[in-house]
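Student: I've got a model open and I'd like to know where the labels people put on it come from. Can we go through some of them?

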Amino acid sequence: MTKYYEIDDIITEEEIVSVIFQKAASGVGIDPSSETNYIETGSKVELPFWLAHELQLRQVVSINIPPCFDQKTRLEIQADCASVDLRSRCPFFYEFGCKIAPVVGDRTIGFLLLSAFKNRYKEVLTKAHTAAFSATTKFWSILTNEEINLYEAAQSSMASFKKWRIGGPRFQKAPVLGRKRKSTQ
Amino acid sequence: MYGRKACQLVKELASGEKGQLTPFNSDLFEQVVAECTQHHLELQALIRKMQEEGLDVQTTRNAEHHGALIHHLSLVRNKRCLMAYVYNRAETIQSLLWKIGHVLPQEIEEKLCHPEVEYFKKHSAALKSYMSKMQLDLTVDMVPPKDPYIQVRVLDDIGDGIVLSDDKTANFARHSMHFLKRTDAEQFISRGLMEELTG
């Protein structure tokens with residue numbers, strides 16, 4: 001419950017998973033393919049994770065593994081982690097994986113996340129500290145949100161360090177005011 | 001329905017840059033509130049149907065119950081998204097006070113809805129009364145400066161007759177340079193009206 005107000009948590013839980021209804025439900029128009037408001041037992045529906053999770057706790061549905069953790073992705077990660085485009089699969093790959101793992105009952109997801117993260121982390125750090133601007137935009141598009149936070153933290157720490165060495169002005173225009181004028185120095 | 005619009009609202013918040021506010025989307029906000037009412041009505045209809053069939057509402061687990069459950073969960077989800085939207089905006093507004101000072105610039109005021117502007121004013125008044133009771137100005141820089149005076153160049157026309165802390169009036173015309181006390185200049189620099197000259 002500590003993450004109740006966190007925006008990233010809310011967006012992570014909105015990821016779509018496909019579920020199979022173990023029991024029927026009436027009066028809900030959540031299945032776009034059925035014409036009536038009735039969901040049959042055994043029908044396959046795409047639901048957002050927050051709904052699927054709660055329904056699974058009450059044993060109304062059973063959740064299938066989402067496509068971002070399937071065999072194809074696993075093979076790609078084993079082959080070359082650093083260039084796998086995780087963002088197009090799921091921008092909250094790691095957080096979503098952590099939530100899905102206890103629900104789907106697949107023990108290997110944890111190891112998968114860990115190995116992917118370890119290998120990509122090295123790349124993220126080296127690129128953050130050294131790469132020129134042109135190379136970064138292409139790299140950015142394959143990072144998940146968590147990795148981007150790390151990347152930005154590394155870049156800002158480099159920038160502060162340089163600023164401390166050169167000695168810029170301590171006071172600048174508050175960044176919240178937008179880009180009408182360039183900030184000092 | 002079913003939390004999609006509410007999530008859109010939250011995504012709007014996330015899409016702005018860190019610390020920046022997007023304009024308050026009151027249309028979408030009201031749509032989500034209307035959805036909540038609709039979910040509630042459908043929930044009540046399903047419960048009534050179960051009662052008409054003579055089933056015990058607390059324990060039966062039939063199709064209507066599951067439908068009612070889905071409506072209830074969507075309602076709770078909508079509530080969470082709305083609360084998170086308002087809460088995160090309130091946090092940003094609070095931090096605005098510390099960064100910009102007690103006066104809201106026009107460009108930010110247009111992005112806030114009316115209750116948010118009231119919130120800012122009350123927060124700023126509370127801070128002022130606290131600071132005056134403590135006789136301490138908490139909004140200045142936390143690191144003590146090497147030199148109490150700094151040189152600044154004025155970027156925007158602030159006007160003349162501004163009273164500084166040592167009871168002198170100064171004329172801040174554009175591009176003029178002044179040698180001011182740090183505490184006076186800080187509030188203008190953070191609003192982007194002046195810049196510090198180093199070296």
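Tutor: Sure, and keep in mind that this is a predicted model. Let's start with helix α2 (residues 49-57) of chain A, whose buried residues are A:Phe49, A:Trp50, A:Leu51, A:Ala52 and A:Leu55.

Student: What covers the buried residues of α2(A)?

Tutor: From chain A, the cover includes β1 (16-21), β4 (44-48), β5 (61-63) and α5 (93-104). Chain B adds α3 (63-100) to that cover. Just after α2(A) comes A:Gln59, with a positive phi near 60 degrees.

Student: Why is A:Thr144 called buried?

Tutor: Buried takes under 20% relative accessible area. A:Thr144 has 0%, so it counts as buried. You'll find A:Thr144 in the loop between α7 (133-140) and α8 (145-166) of chain A.

Student: Which residues is A:Thr144 in contact with, leaving aside neighbours within four places in sequence?

Tutor: A:Leu86, A:Cys90, A:Pro91, A:Phe93, A:Tyr94 and A:Arg120.

Student: A:Cys90 is a cysteine, then. How do you know that A:Cys90 is in no disulfide?

Tutor: Two cysteine sulfurs have to be within 2.5 Å to count as a disulfide. For A:Cys90, the nearest cysteine sulfur belongs to A:Cys68 and is 4.5 Å away. A:Cys90 is also buried, because its relative accessibility is 0%.

Student: What makes B:Cys81 miss out on a bond?

Tutor: Distance again: the closest cysteine sulfur, in B:Cys7, is 5.9 Å from that of B:Cys81, which is too far for a bond. B:Cys81 has 0% relative accessibility, so it counts as buried. Across all chains, a search of the whole structure turns up zero disulfides.

Student: On to chain B's helices. Why are α1(B) and α2(B) called roughly antiparallel?

Tutor: Helix α1 (residues 4-15) and helix α2 (residues 26-52) of chain B pack at an angle of about 150 degrees, and their axes are 9 Å apart. Roughly antiparallel takes an angle over 145, so α1(B) and α2(B) get that label. The crossing of α1(B) past α2(B) is left-handed.

Student: Which residues make the contact?

Tutor: On α1(B), it's B:Lys5, B:Ala6, B:Gln8, B:Leu9 and B:Glu12. On α2(B), it's B:Leu28, B:Phe29, B:Gln31, B:Val32 and B:Glu35.

Student: How do the residues of that contact divide into nonpolar, polar and charged?

Tutor: Five are nonpolar, two polar and three charged. Ala, Val, Leu and Phe are among the nonpolar types, while Glu and Lys count as charged.

How values were computed
Residues numbered from 1 in each chain as written. Chains lettered and ligands numbered in written order. Predicted model: local features only at pLDDT ≥ 70, side-chain atom pairs only at ≥ 80, totals over all residues. Heavy atoms only, no water. Axes fitted to C-alpha atoms, helices over the stretch in contact; angles between N-to-C directions. Helix = DSSP H or I, 4+ residues; strand = E, 2+ residues; numbered from the N terminus. Parallel < 35°, antiparallel > 145°, perpendicular 65-115°, else oblique. Left-handed = near helix turned anticlockwise from the far one by under 90°. Contact = heavy atoms within 4.5 Å. Buried < 20%, exposed > 50% of the residue type's maximum accessible area, 1.4 Å probe, protein only.
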